[in-house]
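Q: Please take a close look at a single part of this model, and then set that part against the rest of the chain. Give the cut-offs behind each term as it comes up.

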Amino acid sequence: MAVGQVPAERVDLEMIQKFKEEGLNRSQIMDTISYLTDVHGPRLTGSPQSRVAGDWTVGRLTEWGLEGATLEGWGPFGRGWEMRSCSVQLAGPSHTPLIAYPKAWSPSTQQKIRGTPIYLNANTSEELNAFRGKLGRAIVLISPPREVKAWFEPPGTRQTAEDLLSLSNADPFSPRVRRPPAGAPTQSFGGRPGPSGNGPAGGIPSGPGTDAAGTTTGNAASANQGGSERAAAQPDPRNALQISMDKFQLAYEEGAAVVIEAGRGDGGTVFLASATMPRAANSDRENNNPFSRGPRPWAPDAPDTLPQLVMAAEHYGRLVRMIERGAAPELEIDIENEFFSDNLDSFNIVAEIPGSDLKDEVVMLGAHFDSWHSGTGATDNAVGCGVAMEAVRILQATGVKPRRTIRIALWTGEEQGLLGSRAYVAKHFGSVAGPQRGFSAGAGDGQTGGRRRNVYELTPAHEKVSAYFNLDNGTGKIRGIYLQGNESARPIFRSWLTPFADMGANTITASNTGGTDHLSFDGIGIPGFQFIQDAIEYDTRTHHSSMDVFERIQEDDVKQASVIMASFVYHAAMRDERIPRKPLDGEIVWAPSAIQTSSAVPVFAPMLNAGPPSPVAIAP
């Protein structure tokens, strides 16, 4: 072999054909996703519903022949919460049911509330002061109405050849940014909210030219001429959020009966996350930084908050217009929610296909299991769970005998900050302990030459993980993979994708993508990867919304994704060598650890007499 020549990556085309035959012609993925969404419904972390769905998933994986399927506990997380009932009516001068949902961890109304709402129309501190003394036991419309524009571009799109070429040419420091289709209403879009969702509607108030993460959109940028004019035309998102949080704080202090805000989305779709909390007491950081995440609403010692609703933009706008025209709308509101504090821990779902000659090494695949509560968590992320589960089912059905152990893991707590996967990685593989010894954590914040250097406390099992593959960007088919800056993996993945070029998957990009569970692995040097997917309707209709439901799933796309994930996991399990790694920049400390694998005694016993029948009984 010539010096510097890279040996060709072996690709088992015969096995790939078997995967395609099983995954495309005998797929069970839509049935799996239907059970997770239609039967079990939303899976908010800590809720009894998530436990019942977890028990069903353990039963299904066991039925397929995986070993050690269990709910592996992590925690503490905090209080569970479920929405029991919610009725919001326009009771006068005419009657109309209104589309609205409580935020997660919002309390119930003490009783049915009836009254004329107060529109808290304030854009400055001076205007806000005029409402002091008026909000006690009031129904408060707390946000401005949103302009709802027509859609002149489809809300669902696929990545074009030009999009994929741009991804292929991106450098490692070009993070993926999801943007709305050209010409679409910019206020309908938003990035993933922060881990707590701890702001109005779980993010920064959006307006013309900004998404819900406060990022200038392409449409808004093109509408202005020149950088200085563009900067002048854009509102300061920090000021907007500060006023918004001041409004909430005033409502808390005065004891409003319920707070209502206009949701992102249109056409009756409502996007939402967790309840907005009062400012932390005696904390300058919390009081002065409107972007601070603040107290978590699920914390056992969380301060009392107010009942909070997010209403469809069109219905909210009507109420504001009625008030402005002196029509005095009368609302009737009844919210019943329930908190659960008997068990503050959560769980991850883990199961394995045992390996053979390299069984002490592991290839992992997974997705996050938890979701929000207004929809059924279909595209975010029963799709990812369904694809990962279908991938291991395909491997079992085709009689694969992997060299390395294949481990599926489905995470809770992702929506609150990747909590489940971070806990799992810390328990089994290691964690980042802090700045490297010899570097100051004061001035310079543990940095040298502009780079922070960490201490990594790693377990022996860290060296045994080949890779982790994740899926969490909606229902769209796989178009390739993000290298996450790991250029050594490029020739390997190029070979693995070649057989799927005819299925639309042939793009490899050096750029990073964030916001989901592969980061928990990548952060401590284990190769962690997220697949490139078509966004379809993810940001425009389904992500964290009331329309994140089974009907939005694209069957052909999820079948394709299942076959590709099965192939990637199989080839990673069969290679002579593990997937190459990026070097860790910092000090590495090896800590002995008694690693508990998925075959350990389950932390959670199955929930008896809760919800639908047992997993095996309801499986077809």
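A: H544 counts as buried because its relative accessibility is 4%, where buried means under 20% relative accessible area, exposed over 50% and partly exposed in between (1.4 Å probe, protein chains only). The model is predicted, so local features need pLDDT of at least 70 and side-chain atom pairs count only at pLDDT 80 or more, while totals for chains, interfaces and linings use all residues. Residues are numbered from 1 along each chain as its sequence is written, and side-chain values use heavy atoms, with hydrogens and water left out.

H544 sits in the loop between α15 (538–542) and α16; helices (H or I, at least four residues) and strands (E, at least two) are DSSP runs, numbered from the N terminus. Its phi is near 65°, a positive value in a residue other than glycine. R137, also not a glycine, has a positive phi of about 55°, and it lies in the loop between α4 (125–129) and β7.

Helix α16 (555–574), which follows the loop of H544, is among the elements covering the buried residues of α1, as is α11 (378–397). Those buried residues are M15, I16, F19, K20, E22 and G23. Helix α1 has 13 residues (13–25), which should span 18 Å at 1.5 Å a residue, and its end C-alpha atoms are 18 Å apart, in agreement; the expected span is 1.5 Å times one less than the number of residues. Helix α11 contains N381, and the peptide bond from D380 to N381 is cis, with omega near 10°. Another cis peptide bond joins G75 and P76, with omega about 5°; P76 is in the loop between β1 (67–74) and β2 (80–92).

Strand β7, which follows the loop of R137, belongs to an open sheet of five strands in the order β4-β9-β8-β7-β6, with mixed pairing. Two strands pair if DSSP finds at least two bridges between them. The edge strands, β4 (100–102) and β6 (118–119), each pair on one side only. Strands β7 (139–141) and β8 (258–262) pair in the parallel sense over three bridges, and I139 has V258 of β8 as its bridge partner.

The largest nonpolar core has 70 residues, of which L61, I408, F469 and F493 touch the most other members. Such a core is a set of buried Ala, Val, Leu, Ile, Met, Phe, Trp, Tyr and Cys residues joined through side-chain atoms within 4.5 Å. Apart from that core lies another, of 21 residues, including V258, A262, M311 and I335. Leaving out residues up to four places away in sequence, L61 touches L66, A69, I349, A351, M389, V392 and I408, a contact being heavy atoms within 4.5 Å.

T96, in strand β3 (96–97), touches Q89, L90 and R318, again not counting residues up to four places away in sequence. The C-alpha atoms of T96 and L331 are separated by 9.7 Å, although their positions lie 235 residues apart along the chain.

Over the whole protein chain there are 17 helices and 22 strands, and 55% of the 620 residues count as buried. Among contacts between residues at least 6 apart in sequence, 85% join residues at least 24 apart.
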